[in-house]
Amino acid sequence: MDNDEIRSEYKREDLGKGVRGKYFARFTKGTNLVLLDDRVAKAFPTAEDVNAALLGLLDLVPKTRITGRSSGRTKTRR
């Protein structure tokens, strides 16, 4: 068997020791993942930079305008 070939099956012990709940705290914290435009990612390379910029933007918006998530649609009058 060549070293470049993938075995057809593995034993559990071949995969190393697993850690139960490794990402549980992060999951329950409510981590949100978003895909940033390349230009935004270049300007704000870390999560801390992105959060600082967005929190600064929130300070500029009147608190009464923030009502929750938007569906992206505007209501039309009839």
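**Reading a three-helix model**

Biologist: Where does V34 lie?

Modeller: V34 lies in the loop between α1 (24-29) and α2 (38-43). Keep in mind that this is a predicted model.

Biologist: Is V34 buried or exposed?

Modeller: Compare its relative accessible area with the cut-off: exposed means over 50%. V34 has 66%, so it is exposed.

Biologist: Which residues make the nonpolar surface patch?

Modeller: V34, L36, V40 and F44 make it. The patch covers about 310 Å².

Biologist: Let me step back to the fold. How many helices and strands are there?

Modeller: The protein has three helices and zero strands. Along the sequence the pattern reads α-α-α.

Biologist: What share of the residues is buried?

Modeller: Buried means under 20% relative accessible area. Of the 78 residues in the protein, 1% are buried. The accessible surface comes to about 8,800 Å². Carbon and sulfur atoms account for 54% of that surface.

Biologist: Now charges. How should I read a salt bridge?

Modeller: Start with the general idea. Side chains of opposite charge can pair when their charged atoms come close. Here, a search of the whole structure finds one salt bridge.

Biologist: Which side chains meet in the salt bridge?

Modeller: Those of R39 and D37, at 2.9 Å from N to O.

Biologist: Are the partners, R39 and D37, buried or exposed?

Modeller: Take them in turn. R39 has a relative accessible area of 66%, so R39 is exposed. D37 has 37% relative accessibility, so D37 counts as partly exposed.

Biologist: On to pockets. How much space lies in the largest pocket?

Modeller: About 480 Å³. Two elements, α1 and α3 (47-60), each give two or more residues to its lining.

Biologist: Which element gives the largest share of the lining?

Modeller: Helix α3 does, with four residues. The full lining is R26, K29, G30, T31, N32, L33, V34, L36, A47, V50, N51 and L54. So two members of the patch, V34 and L36, also line the pocket.

Biologist: What is the lining like by class?

Modeller: Six residues are nonpolar, four are polar and two are charged.

Biologist: Pick one lining residue in a helix. Where is the place of V50?

Modeller: V50 sits in helix α3. Its relative accessibility is 17%, so V50 counts as buried.

Biologist: How far apart are V50 and L36 in sequence and in space?

Modeller: They are 14 residues apart in sequence. In space, C-alpha to C-alpha, V50 and L36 are 9.7 Å apart. Both residues line the largest pocket.

Terms used
Residues numbered from 1 in each chain as written. Predicted model: local features only at pLDDT ≥ 70, side-chain atom pairs only at ≥ 80, totals over all residues. Heavy atoms only, no water. Patch = residues over 30% accessible without salt bridge, like charges linked within 9 Å, V, L, I, M, F, W, Y side chains within 5 Å. Areas by Shrake-Rupley, 256 points an atom, 1.4 Å probe, with all protein chains shown as cover. Salt bridge = Lys/Arg side-chain N within 4 Å of Asp/Glu carboxyl O. Buried < 20%, exposed > 50% of the residue type's maximum accessible area, 1.4 Å probe, protein only. 1 Å grid on protein atoms, 1.4 Å probe; cavity = no way out; pocket = protein on both sides within 12 Å on 5 of 7 lines; lining within 4 Å. Points joined across faces, edges and corners; volume = space filled by probe spheres on them. Nonpolar A, V, L, I, M, F, W, Y, C, P; charged D, E, K, R; others polar.
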